[in-house]
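Let's walk through this protein together, starting with the whole and ending with single residues. Please keep the sequence and the model open beside you as you read.

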Amino acid sequence: MARRPIIAANWKMHMTHLEAIQAVQKLSYLLDADDVERVEVVICPPFTALRSIETLIDSDRLPYGLGAQNVHPEGKGAFTGEVSPPMLQALKVSHVIVGHSERREIFGETDEVVNRKVRAVFGHSMTPILCVGETLEEHDAGLTESKVTGQIERALQNVSAEDAAQLVVAYEPIWAIGTGRNALPADAGQVIGLVRQTLASRFSAELADGVRIQYGGSVKPGNIRDFMAHPEIDGPSSAARAWTRRSSRSS
């Protein structure tokens, strides 16, 4: 099954809303019509820039999706500092990153919380970008398969096949981020194949073949082409800089 690649640029806690506007405007000059026809581009700025980027995308008719980096699973309530699914939906957010390793490792998000967020995102007509991946210790102990398959299974509990078919998964091995140890495209492809097997077992082979699975783990301008060329990898995540430089070279 032909899957349209997707590139999600997670800007994390970088850029004010003014800097974000400038970055998207520069990106619009670097990507031509053929680029955005072949590849879906989703920009995930900080919360403070969502409204500004939404307005820019609408006013300039830019062919980009707008993504949020996080969401609270409840629709409203006394949750100081949180942002709800309806708030994101009202800003025309199309994708929401869920279960990022930094949310899991730094902020203590459990698989149960990730599952609630996945269902909340689907419940408000947005697409979750579900992040999974193992730590360095788990990788070296040979626990990659059990960790990744467990994260997928628990994140998709009580999720219908109709919703799961719209899912985007991002395999982001924590051990390959900022450690000096890089995964090869073949390594990433093997784990992504495992993700597809897990989806096939839970839902169907047809559904698994259609779900787009990204790779994110020290993706750089020098290696993005190799990862994109692997048949199991449907695009990089957290790769705004790499994609921008690649596009400027190929234009």
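How much area does the protein expose, and what percentage of it do carbon and sulfur atoms supply? The exposed area is about 12000 Å², and carbon and sulfur atoms supply 50% of it. Please keep in mind that this is a predicted model.

Now step back to the overall build. You will find 13 helices and seven strands in the protein. Its radius of gyration is 17 Å, close to the 18 Å that the globule rule gives for 251 residues, so the protein is as compact as a globular protein of that length. Along the principal axes, the C-alpha atoms fill a box of roughly 45 × 45 × 35 Å. As for what is hidden inside, 51% of the 251 residues count as buried. If you take the contacts with a separation of 6 or more, 71% of them are accounted for by residues 24 or more positions apart. The charges deserve a look too: there are 26 positive and 31 negative ones, and the mean positions of the two groups are 4 Å apart.

Let's move to the interior. The largest nonpolar core has 55 residues, and the members that touch the most others are Tyr 64, Leu 88, Val 96 and Tyr 215. Helix H10, residues 185-202, gives the most to this core, with five residues. There is also a second, separate core of nine residues, including Ile 6, Cys 44, Cys 131 and Val 168.

Val 96 is a good place to zoom in on. Not counting residues up to four places away in sequence, Val 96 touches Ala 68, Asn 70, Val 71, Leu 88, Val 121, Met 126, Thr 127, Pro 128 and Ile 129. Leu 88 in that list is also one of the residues named above for touching the most other members of the largest core.

Is Arg 212 buried or exposed? Arg 212 lies in strand S7, residues 212-215, and its relative accessible area is 16%. Because that value falls under the 20% cut-off, Arg 212 counts as buried. Beyond its neighbours within four places in sequence, Arg 212 is in contact with Arg 3, Arg 4, Pro 5, Ile 6, Glu 40, Leu 167, Val 168, Val 169 and Asp 234. Two of these partners, Ile 6 and Val 168, are included in the second core.

Next, visit the loops. Phe 79 is found between strand S3 (65-68) and helix H4 (85-90), where it is partly exposed at a relative accessible area of 38%. Leaving aside neighbours within four places in sequence, Phe 79 is in contact with His 72 and Glu 74. For a sense of distance, Phe 79 and Asp 140 are 61 residues apart in sequence and 38 Å apart in space, C-alpha to C-alpha.

Finally, look at some backbone angles. Most residues other than glycine have a negative phi. Lys 12, however, has a positive phi near 50°. Lys 12 sits in the loop between strand S1 (6-10) and helix H1 (17-30), and at 27% relative accessibility it counts as partly exposed. Arg 61 is not a glycine either, yet its phi is positive at about 55°. You will find Arg 61 in the loop between helix H3 (50-60) and S3, exposed with a relative accessible area of 76%.

How values were computed:
Residues are numbered from 1 along each chain as its sequence is written. This is a predicted model: local features need pLDDT of at least 70, side-chain atom pairs count only at pLDDT 80 or more; totals for chains, interfaces and linings use all residues. Side-chain values use heavy atoms; hydrogens and water are left out. Helices (H or I, at least four residues) and strands (E, at least two) are DSSP runs, numbered from the N terminus. Buried means under 20% relative accessible area, exposed over 50%, partly exposed in between (1.4 Å probe, protein chains only). Contact means heavy atoms within 4.5 Å. A nonpolar core is a set of buried Ala, Val, Leu, Ile, Met, Phe, Trp, Tyr and Cys residues joined through side-chain atoms within 4.5 Å. The radius of gyration is taken over C-alpha atoms; the globule rule is 2.2 Å times the number of residues to the power 0.38. Accessible areas come from the Shrake-Rupley method with a 1.4 Å probe; for residues, only the protein chains shown count as cover. Lys and Arg count as positive and Asp and Glu as negative; His and the chain ends are not counted. The place of a charge is taken as NZ of Lys, CZ of Arg, CG of Asp or CD of Glu.
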